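Thanks for picking up this structure. Here are a few points to guide your first look, starting from a single residue and working outwards.

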Amino acid sequence: MVSTGTVGWQPRRLVAGIGVLAYRLHPRRVSSPGGRPDRFLGHRGLIALSAGVAMAEAGLLVLAAPAAVALAPQVTALPPLAVFHDLRWLFGYNRSWLEFAAWMAILVLGRSALDAALVRLAWPRGARPPRLIGTFSASLVFTLLAGLLLVPVVTVVFGVAVLPFSWPLLAALPVMLFVALPLSHGGVIPGWWRRLPPARAAGWAMACFVEYSVLGIMLPRLAPAGVVAVAGLAGVVNARAWYGLTTAIARPARARHHRLIAWVPVAPVTAVAVFAVAIGAARLIFDAASGAPPAGIAAASAASAGFAAAAGSAVGTAYTPAAHGPQAPVLVVGGFGSSCCHTGHGLADAVPDMLVQQFSYLGLDAAGKPVPQGPSASDIPIGELGDRIAAQVWQLHKQTGQRVDLVAESEGTLGVYAMLARHPRVPVGSIALLSPIVAPGQVSFPADGRQGQGMAAGYALGVLNRLVGEMSPFGSAGAERLIDSVSSVGARYWAGIAAHQTSARWLAVVPLADALTLPACSMPSNVLFVPAFHGGLLGDPPVLAMVRDFLDGRTVSGARSLREAAELMSSAAAVWRMPVLSTPCPS
């Protein structure tokens, strides 16, 4: 009898063991109370809420801010990406501290309630869900914590909208991701902070990041009805991500694997460690560079030569200016942190038949010569910069009797915009812009002590700028005067250059990395792209050859593939920048 009972019991134990193993390996097969497997499509309330909210925001943006429609799918994203979405709207459009506090409270409470509802609707039916009040409380704590951690990132993104160039964004987006991934399960259950997320949860967060970037390319190109429909489909994908997240967390074995010491806030500590690494890396870069351009620029310049040779026979876009006489004077305006007066030597070697003079941020001495200056001299308001460029142009014109050609890089291009706005009759011939700051002042903030749109973001940007300035060789003020002036008048000076399209010949050479900060629109034919990072193009031989041909009146061409890649990159990156009400496309 005993032997028979034992033999009869073994198959049942084996079947039960296989069933438990299958349940753990396939979390989507969770049995509902009726005995049927729990599947994603059975969570109709989750799908309706996620898609409906995304469609509602898409409809509002189509009417009020068409340039920002690509942000709509992020409204029901997984917790850290959704907080990043909310913070950018909060930072960009507040007019007083009271308004900022009120909207912050609304967003925190609204985000916590929405996330709690999504968690409850996504929870596998065969598993016991956490109490709704517990989920709401956990989501509230997470929203506040994630908001604090992401404030520096959003501040950098705001600064990029004021002064668009790629280096800050290239640093901010990886930091945002490295903060978001260890917090991808944040607020789903009480005690989330004691453990790292399941791998599937982090995988869904990364997949959503890629999805939103692709939607950034698609949505602005659709009709309004298509925007709303595609946003709804993206909301369905968000719902699937929420279902995958809650299903992974509902597995007790997964929770036990990631649980460490009960009182250690593992997830927040991991996210904070990202900032410590980023700050330490910035300090090392500044110490190593000691005022020189980052080492990556030299590597980019070397790579640029190889790419240029490979693309030389490719069909590309071209811009052919009219020729001018020999011995034309050329004024070279360096960027932020440049020194005078040796940066223009590379261009002087490339155009030996021209008189090349470097611009000094300190102006001219009594003899009409540029005053030698160090890197810290470049932190000046762009209006003052434009006046000093105009003075040196007039001096060269007086010396040679000819119109002066300009070759400006980075901050120097801002000075060119200001010069043309403030001195419209300045005797300028051709203008070559290298690493140009395109569409500055997309957002703005008021001067210190005043109230106005972007006030809180401007204050945070000032604090961050001083922190970076303390670590940099440029002084504790960093680029404060430059940033403040671009915020107040940069957009106006940029808009004014359209009036000089016929009175001057233009060429813009844009590093491919700067496509991340370009407006999401087609670029004119005289905007060419090169495979490089921002800055350092004045020392790039292929770029100097392009400038020489332009100044000599010859055809200048660029690879069509780089232009197409740049336009795709600008659209994909727009979903991670500040939302703007309209796209400032260059004429």
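1. Please begin at Val509. In this predicted model, and setting aside neighbours within four places in sequence, Val509 is in contact with Leu433, Leu434, Ser435, Pro436, Leu528, Val530, Leu537, Val543 and Met546.

2. Is Val509 buried or exposed? Its relative accessible area is 0%, and buried means under 20%, so Val509 counts as buried. A further pair to look at is Val509 and Gly558: they are 49 residues apart along the chain, and their C-alpha atoms are separated by 9.3 Å.

3. Now step back to the sheet. Val509 is found in strand E8, and E8 belongs to an open sheet of six strands, ordered E5-E4-E6-E7-E8-E9 with parallel pairing. At the edges stand E5 (355-358) and E9 (527-530); each has a single partner strand, so one side of each is left without a neighbour in the sheet. From one strand to the next, the twist averages 20 degrees.

4. For a closer view of one pairing, try E4 (residues 329-333) and E6 (residues 404-409), which run parallel and are joined by four bridges. Here Val332 stands opposite Val407 in E6.

5. Two helices are worth finding next. Helix H13 (residues 382-400) packs on the sheet, where it touches E4, E5, E6 and E7 (428-434), and its direction makes about 160 degrees with that of E4. Helix H17 (residues 541-551) lies across E4, E6, E7, E8 (505-511) and E9, and runs at about 160 degrees to E7.

Methods: Residues are numbered from 1 along each chain as its sequence is written. This is a predicted model: local features need pLDDT of at least 70, side-chain atom pairs count only at pLDDT 80 or more; totals for chains, interfaces and linings use all residues. Side-chain values use heavy atoms; hydrogens and water are left out. Two strands pair if DSSP finds at least two bridges between them. Axes are lines fitted to C-alpha atoms, for helices over the stretch in contact, and angles run from 0 to 180 degrees between N-to-C directions. Contact means heavy atoms within 4.5 Å. Buried means under 20% relative accessible area, exposed over 50%, partly exposed in between (1.4 Å probe, protein chains only).
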